[in-house]
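Visitor: I'd like a close look at one part of this model rather than a quick tour of everything. Could you pick up from a single residue and walk me outward from there?

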Amino acid sequence: MEKEVMSSLKMAGNILCSASSFIRKCIFGVLRVGPIPNHIAFIMDGNRRYAKKQKLSHDGAAGGGGRYDAGFWALMVMLLYCQELGVKYITAYAFSIDNFKRKPEEVESLMASMLEKFHLLDILVKRLAVRVHFVGNLELLSNELRASAMELTEATAAYSKSVLTICIAYTSRDEILHAVRESCEQKRIDLEFDNDDDNEIKLMKVEKNMYMAVAPDPDIIIRTGGENRLSNFLLWQSCWSHLHSMWVLWLEIGVWNLVFAILNFQRNKTYHLEMRKKEKELYFGNNAN
């Protein structure tokens, strides 16, 4: 009797899963009639509020790891949906430099969880043919975490179906400062060895030295948790991005949230394209394209 019940439940679950998959494919098919964003960036906000709502530990000592696990799988689900839709670039704001100011035990727990996820991520992205980049001030990470990030980046360098960029130990201010310093140093070397007689540092040179030079500017920046600010994320790259804030917490994000974000983008795409075109013409003239 118990086996029959379990078999029936499994069959019902498979039917529901197939129906859900069919409905999703139909919805995605309709979305693809319109313009699909090339790059979506996520500000994964609301994990602490979710932990509080679910009565999970904030310091990772008693259940905090559970929300880190759930946050990782939420990102993997969004990666799968984006890949199915045809969105090539996905960026996630995983850890800000400002987060190092949190309680030491919480930071330590998060770093340990992140290291564990790198091994799991390695398996998943290889199956999905996803290239992975880690961007930010990686010198702030432990040697072990930084080495794992570099290994995963090198191991997926040949993949091109999708590109997942994980911003870790990142803030936009730090990125801009890094790019300006690098551009100045390169200009100094060029002048010293007479490779360049122009003292001006070009905008294109600064952009090439950005951490996020590995991906085009985002078409959409999605922030969960109901906040309407960028929190020091992609300030340079988001000039003409479509900003979409949703009340749902990151660990609760689902396919309908992504669908509504893309629908809003499609409604406003013409405006954003025109603004980007004008900006390129202003800075690059006839070389805008």
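In which helix is Glu 175 found?

Guide: Keep in mind that this is a predicted model. Glu 175 is found in helix 6, the run that covers residues 172–192. Buried or exposed? Glu 175 has a relative accessible area of 0%, so it counts as buried, the cut-off being under 20%.

Now for what surrounds that side chain. If you skip residues up to four places away in sequence, Glu 175 touches Tyr 170, Met 210, Tyr 211, Met 212 and Gln 237. Take Met 210 from that list: Glu 175 and Met 210 sit 35 residues apart in sequence, yet their C-alpha atoms are 6.1 Å apart in space.

Stay on helix 6 and go along to Ser 183, which has its place there too. Ser 183 has a relative accessible area of 2%, and because anything under 20% counts, Ser 183 is buried. Leaving out its neighbours within four places in sequence, Ser 183 is in contact with Ile 201, Lys 205, Val 206 and Asn 209. With Asn 209 there's a bit of extra detail: the two side chains are joined by a polar contact of 3.0 Å.

Next, step back to strand 4, residues 162–170, where you'll find Thr 165. Tyr 170, one of the residues Glu 175 touches, falls in the range of that strand. Thr 165 is buried as well, because its relative accessibility is 0% and the limit is under 20%. Its list of contacts, again without neighbours within four places in sequence, runs through Ile 90, Thr 91, Ala 92, His 133, Val 135, Met 212, Val 214 and Ala 215. Met 212 should ring a bell: it's in contact with Thr 165, and Glu 175 touches it too.

To put this corner back into the whole, the protein chain has eight helices and six strands, and along the sequence they come in the order α-β-α-α-β-α-β-α-β-α-α-β-β-α. Of the 289 residues in the chain, 42% are buried, with Glu 175, Ser 183 and Thr 165 among the buried ones. Among contacts with a separation of 6 or more, 77% are between residues 24 or more positions apart; the pairing of Glu 175 and Met 210, 35 residues apart, is one you can look at up close. As for the outside, the chain exposes about 16400 Å², and 55% of that is supplied by carbon and sulfur atoms.

Definitions and conventions:
Residues are numbered from 1 along each chain as its sequence is written. This is a predicted model: local features need pLDDT of at least 70, side-chain atom pairs count only at pLDDT 80 or more; totals for chains, interfaces and linings use all residues. Side-chain values use heavy atoms; hydrogens and water are left out. Helices (H or I, at least four residues) and strands (E, at least two) are DSSP runs, numbered from the N terminus. Buried means under 20% relative accessible area, exposed over 50%, partly exposed in between (1.4 Å probe, protein chains only). Contact means heavy atoms within 4.5 Å. Accessible areas come from the Shrake-Rupley method with a 1.4 Å probe; for residues, only the protein chains shown count as cover. A polar contact is a pair of N or O atoms within 3.5 Å; within protein, one must be able to donate a hydrogen and the other to accept it, and residues adjacent in sequence count only if both atoms are side-chain atoms.
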